[in-house]
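Good morning, and thank you for coming. I should like to take the group through one structure, beginning with its ligand and then moving along the chain.

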Amino acid sequence: MNITFRQLQIFEAVAQQLSYTRASEVLHLTQPAVSMQIKQLEQSVGLPLFEQLGKKIFLTEAGHEFGRYARAITTQLNELEQVVNEMKGLQRGRLTIAVASTANYFVPRLLATFCQQHGEVTVSLDVTNREQLLKGLVENSTDLVIMGQPPVEMDLIAERFMDNPLVVIAPPDHTLVEHQQIPLKRLLEETFLVREQGSGTRSAVERFFAANQLALSTAMEMSSNEAIKQGVEAGLGLGIVSLHTLGMELALQRLVLLDVVDFPIMRYWYIVYRSGKRLSLVAQAFQSFVKEESAQILKIPAASGLR
Ligand code: PGA
């Protein structure tokens, strides 16, 4: 059956008015155009939908049946139109974002405010390390990514929106806690708990020490910031983590920041997507939201003592 939505609309008008003339007025068409469309529709269906008795027209049995389905289809279409309009108005929509594991310490707070402002947005959040984020961008499996320095060799649109200071953490009873302006070289006498290969924090730390022609001694490799903080607290070694990962630990003095020369290592957070990607309205809204409002929503922990 080869019928068009326009034919359905015309059929519905004629079925409602039971008159070609009145239907043509409602539809702003000529009466012959309406009769022609109904004739073509009846040909496609293969049965008459209307019958004329005297001056009046009536729906045939097939016409009644056809009317039932036509109404269901137009109702669905109207619903679809409403959903699309709501999406245009950002009331509804899906946001797929992937963030570096370190960014997960602040992204939920951003999402909470964003979702409050945009009622029915559903969010899919993937938390992973830098290597996996880059893979996601290559495979186009995510709308937006929040990460550290994006690679220059990839064709990306990246907007910087916040500082990401990397700091040295120690347990409160460590001998270096009382020292000030600890020389970088002094750190070589310590062992460090480091993040896994593929972590942005790890590669930034390695680049920083390589640039200073120094190599840290690694006690253990750990696949999360939480594991590093726990390990440092337990006395397994020192750690270098983003200040964003530290909140209660500093406030409760379970961990202390060491005052090391040339620290913090200053990194930045970027919101990133592939150039040429067509961002949905929700994704565009989230991108602007992060750029404009993150500074107000997120504050560097007060107990950091950073100078
Ligand atoms: P990550 O952080 O160490 O959790 O991968 C990302 C980054 O700082 O680039």
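**The ligand and its surroundings**

An oxygen atom of the ligand lies 3.4 Å from a polar backbone atom of Arg 130. Before I go on, please bear in mind that what you see is a predicted model.

Two side chains also approach the ligand through N or O atoms. For Thr 201, the distance from such a side-chain atom to a ligand oxygen is 2.7 Å. For Arg 195, the corresponding distance to a ligand oxygen is 3.2 Å. How much of the accessible area that the ligand has on its own does the protein cover? The protein covers 99% of that area, which amounts to 280 Å² for the ligand on its own.

Let me now name the residues around the ligand. They are Ala 100, Ser 101 and Thr 102, then Asn 129 and Arg 130, then Gly 148, Asn 164 and Arg 195, then Ser 199, Gly 200 and Thr 201, and finally Arg 267. In terms of character, this shell divides into one nonpolar residue, eight polar residues and three charged residues. As for the space that the ligand takes, it is the largest cavity.

**Two members of the shell**

I turn next to Arg 195, which we have just met beside the ligand. Arg 195 is found in strand β7. Is Arg 195 buried or exposed? Its relative accessibility is 3%, so Arg 195 counts as buried. The side chain of Arg 195 also joins that of Glu 196 in a polar contact of 2.8 Å. Thus the side chain of Arg 195 has an N or O atom 3.2 Å from a ligand oxygen, and it also takes part in a polar contact with the side chain of Glu 196. Elsewhere along the chain, Ser 224 is 29 residues away from Arg 195, and the two C-alpha atoms are separated by 6.4 Å.

Glu 196 itself lies in the loop between β7, residues 191–195, and α7. Glu 196 is buried as well, because its relative accessible area is 12% and the cut-off for buried is under 20%.

Ala 100 is another residue of the shell. Its place is in strand β3, which spans residues 92–100. Ala 100 has a relative accessible area of 11% and is therefore buried. From C-alpha to C-alpha, Ala 100 and Asn 2 are 51 Å apart in space, with their positions 98 residues apart in sequence.

**Two further buried residues**

Where is His 244 found? His 244 is in the loop between β9, residues 238–242, and α9, residues 248–251. With a relative accessible area of 11%, His 244 is buried. A polar atom of its side chain lies 3.1 Å from the backbone oxygen of Asp 163. His 244 and Tyr 105 are 139 residues apart in sequence, yet their C-alpha atoms are 6.3 Å apart in space.

Leu 110 belongs to helix α5, residues 107–117. Its relative accessible area is 0%, so Leu 110 is buried. Leu 110 and Gly 231 are 121 residues apart in sequence, and from C-alpha to C-alpha they are 29 Å apart in space.

**Backbone details in the loops**

I shall close with some points of backbone geometry. Which residue, though not a glycine, has a positive phi of about 55 degrees? That residue is Asn 140. Asn 140 lies in the loop between α6, residues 130–139, and β5, residues 144–147. Its relative accessible area is 42%, so Asn 140 is partly exposed.

Gln 213 is not a glycine either, and its phi is positive, at about 50 degrees. The loop that holds Gln 213 runs between α7, residues 200–211, and β8, residues 217–222. Why does Gln 213 count as exposed? Gln 213 counts as exposed because its relative accessibility is 72%, and exposed means over 50%.

Finally, the peptide bond from Phe 263 to Pro 264 is cis, with omega near 0 degrees. Pro 264 is found in the loop between β10, residues 256–257, and β11, residues 265–274.

Notes
Residues numbered from 1 in each chain as written. Predicted model: local features only at pLDDT ≥ 70, side-chain atom pairs only at ≥ 80, totals over all residues. Heavy atoms only, no water. Near = heavy atom within 4 Å. Polar contact = N/O pair within 3.5 Å; in protein donor to acceptor, adjacent residues only side chain to side chain. Areas by Shrake-Rupley, 256 points an atom, 1.4 Å probe, with all protein chains shown as cover. 1 Å grid on protein atoms, 1.4 Å probe; cavity = no way out; pocket = protein on both sides within 12 Å on 5 of 7 lines; lining within 4 Å. Sits in = over half its atoms within 2 Å of the grid points. Nonpolar A, V, L, I, M, F, W, Y, C, P; charged D, E, K, R; others polar. Helix = DSSP H or I, 4+ residues; strand = E, 2+ residues; numbered from the N terminus. Buried < 20%, exposed > 50% of the residue type's maximum accessible area, 1.4 Å probe, protein only.
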